[in-house]
Amino acid sequence: MGEKVAAGRFDLSDRQRYRDKLRQCLTGLERLLAEQRFDRPKNLMGLEIELNLAGADGMPKMLNGQVLERIASRDFQTELAMFNLEVNIPPHRLGGRVFDRLAEELRTSLAYADRKAGEVDAGIVMIGILPTLDRDDLVSSNLSDVDRYTLLNDQIVAARGEEFTLDIDGVEHLSCTSKSIAPEAACTSVQLHLQVTPARFADVWNAAQAVAAAQIAVGANSPFLFGRELWRESRPPLFQQSTDTRPPELQAQGVRPRTWFGERWITSAHDLFEENLRYYPALLPICDDEDPLKVLDQGGTPSLAELVLHNGTIYRWNRPVYGIADGVPHLRVENRVLPAGPTVIDVIANAAFFYGVVRALAEESRPVWTRLPFEAAAANFDAACKDGIDARFSWPRRGRYGGTAEVDAVNLIRDELLPLAEAGLDAWGVEPADRDLYLGVIEERCRRRVNGASWQAATFHTALDAGLSRDDALAATTRRYRELMHKGDPVHTWPVGLPEPVSPD
C-alpha cells in the first residue's frame, strides 16, 4: 500500500506543490516512452499474497508485529491490520517449470511462517476474507503500527468527512458503518505482476480486464463478512466501500471511486497514469527532492516518486506499475483481482490460467476488447463477484455475425478460455507437464462447479444443519479450512462438511 512515508500534517500549499510535481512526473513518463527508454522484453512475472493470522480456535490474532519479528525475512511484510501479513515471491522468468518452482517456494515460505506464528499461538490462513472476523476486529486501533497506514487512514477519513457505509446485498444483507478504513483489511488478495514493454502494455491490460470476471468465477473465496453470507467474492464491494472518499452527494454526481474497475479500454499505459492525475486528488501529498525532468536531461532514470505514490492510492483491479530495476525503467500490469488461497496449488493454478489466457488474448488478430463493450466487461466482473462459479457473462459470439451472447461462465472458461490459456503458456515456453497440471485444476473446478467460496458456504450450511450456532459454524468452517489448506490438496477435492460431529462448546 505505497512506499513507507513519514507521518505528518499537510498544509494548504502541499497539495498544489504535489499536483505540480505529479505533472512533472507525467511529463517525465511521456519522455521516457517517447525516447524508448524502457526495458526490453524479459517475460518476468511476480507474486504477492496477503495472509491472515488466526488462532487454533479460528479467531483472528492481532500479532503481525511479533510474528514478523520471528520470521525475520524481507520476503514477509506488514499489511494494513495487525492480523495481516504479506509474502512476496521474487520475480521469475515465465517458462520451463516455473509454476512448480513457484509452488515449492510458496510451500516452503508459508510452512516456515506458520511455524514461527505457532510460537505465539497463531497460524497462517490463506483465504479471501477470514469468516470469523467481527466488526470489533476491524477498528482503527487494530491497524498495523506503521506510519503510512495511520496517515492513509487519516487522509481517507478526512476526505470522506463522515463514517463509511458498508452495504452489500448478497445471499444475506449486510449494512453497517465504520469510522475508519480498517474493514478494507479484511480483504486479502493475490497480486500477479507481469512486466511488459510499453508497446504491449495496452493489449495486456485490456486482456486482463476482459478476463477478470473469469478469474473471479473460478477463484472466488470470500463469501462471508461479519457473520453474513454475502457475495461469492465479497472483497471488491467491501474494498470499494471501505476506501470510498465520496460522500453520497459526490457518488450521485458520478465522481469515480478510488477502487474501481475502470470505464474504457486503453491505448497505452499513459492513459491510466493520466487518468489518475485528472480524476483523483492526492491523499498523501509528499514531495520528493528529485527533479524528474532534470534527471532525464542528465541521462538518468527518474524515480517518479510522486507518480508512484499517487498510483498506490488508486485501487484499480488491474493497476499500471512503473518500476526501476538495475537503473532501467519498466512497466508492469499488476492483477489484483484474485482472493488469497485456498491452497498453494490453487493459487498457482489461478496464476497459470491468468498468464496463459492474457498472453493468448493479447496476441489475437481480432482482440476480444474490440468486440466486447467495456460496460459488458464491467458487468461480467460484478456478476462473477456475486455468483462465483455459477455466474453468467456477456461474451462475443464466435463466427462472422458478431455481437455478444449470454454464456455460462463455466462453459466459457472450459470451452474457450482454457484452450487459449494452454496456447498462451506454450507461447511462454512453459513445460507441458506444468501447463497440464495447473490448468487441469481450473478445468476440474469447472467440471465440479467448485471453488473456495462454494466449499466454504456448503461446509458452513452443513455445520448449521448439524445444530451449531452461526458463530460456531463459521469458526468450525474456518478451522476445517485451515486444516485442509495446510494439507495442500486443491479445493475441488475437499470433502464438504466437518470431519466429525462438533459440539457447540
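## Exercises on helix 14, its neighbours and two cysteines

In this predicted model, the buried residues of helix 14 pack against helix 3 (98-118), helix 5 (198-219), helix 11 (344-362) and helix 13 (409-428).

**Exercise 1.** Determine which residues of helix 14 are buried, and compare the expected span of the helix with the distance between its end C-alpha atoms.

*Solution.* Start with the burial: the buried residues are Asp434, Arg435, Tyr438, Leu439, Val441, Ile442, Arg445 and Cys446. An α-helix has 3.6 residues a turn, so residues three or four places apart point the same way. Next take the length: helix 14 runs over residues 432-448, and its 17 residues at 1.5 Å a residue should span 24 Å. The end C-alpha atoms are 23 Å apart, which agrees with that expectation. Finally, look just past the helix, where arginine 449 follows with a positive phi, near 50°.

**Exercise 2.** Describe how helix 11 packs on helix 14, giving the angle and the axis distance, and then the residues that meet.

*Solution.* Two packed helices are described by the angle between their axes and the distance between the axes. Here the angle is about 100° and the axes are 8 Å apart. Because angles of 65 to 115 degrees count as roughly perpendicular, helix 11 is roughly perpendicular to helix 14. On the side of helix 11, the contact is made by Ile345, Asp346, Ile348, Ala349, Asn350, Ala352 and Phe353, which meet Tyr438, Leu439, Val441, Ile442 and Arg445 in helix 14. Sorted by character, the residues of this contact comprise nine nonpolar, one polar and two charged.

**Exercise 3.** Establish how many disulfides the structure contains, and examine cysteine 187 and cysteine 446 in turn.

*Solution.* A search of the whole structure finds zero disulfides. For cysteine 187, the closest cysteine sulfur is in cysteine 385, and at 11 Å it is too far for a bond. For cysteine 446, the nearest cysteine sulfur is that of cysteine 385, 17 Å away, and cysteine 446 is in no disulfide. Both cysteines are nevertheless buried, cysteine 187 with a relative accessible area of 3% and cysteine 446 with one of 1%.

**Exercise 4.** Locate threonine 188 and work out whether threonine 188 is buried or exposed.

*Solution.* Threonine 188 lies in the loop between strand 6 (173-178) and strand 7 (189-196). Its relative accessibility is 1%, so threonine 188 counts as buried. Among the residues touched by threonine 188, leaving aside those up to four places away in sequence, are Glu50, Asn84, Arg235 and Pro339. Leucine 338 is 150 residues from threonine 188 in sequence, yet their C-alpha atoms are 8.9 Å apart.

Technical notes. Residues numbered from 1 in each chain as written. Predicted model: local features only at pLDDT ≥ 70, side-chain atom pairs only at ≥ 80, totals over all residues. Heavy atoms only, no water. Helix = DSSP H or I, 4+ residues; strand = E, 2+ residues; numbered from the N terminus. Expected span 1.5 Å × (residues − 1). Buried < 20%, exposed > 50% of the residue type's maximum accessible area, 1.4 Å probe, protein only. Contact = heavy atoms within 4.5 Å. Axes fitted to C-alpha atoms, helices over the stretch in contact; angles between N-to-C directions. Parallel < 35°, antiparallel > 145°, perpendicular 65-115°, else oblique. Nonpolar A, V, L, I, M, F, W, Y, C, P; charged D, E, K, R; others polar. Disulfide = S-S within 2.5 Å.
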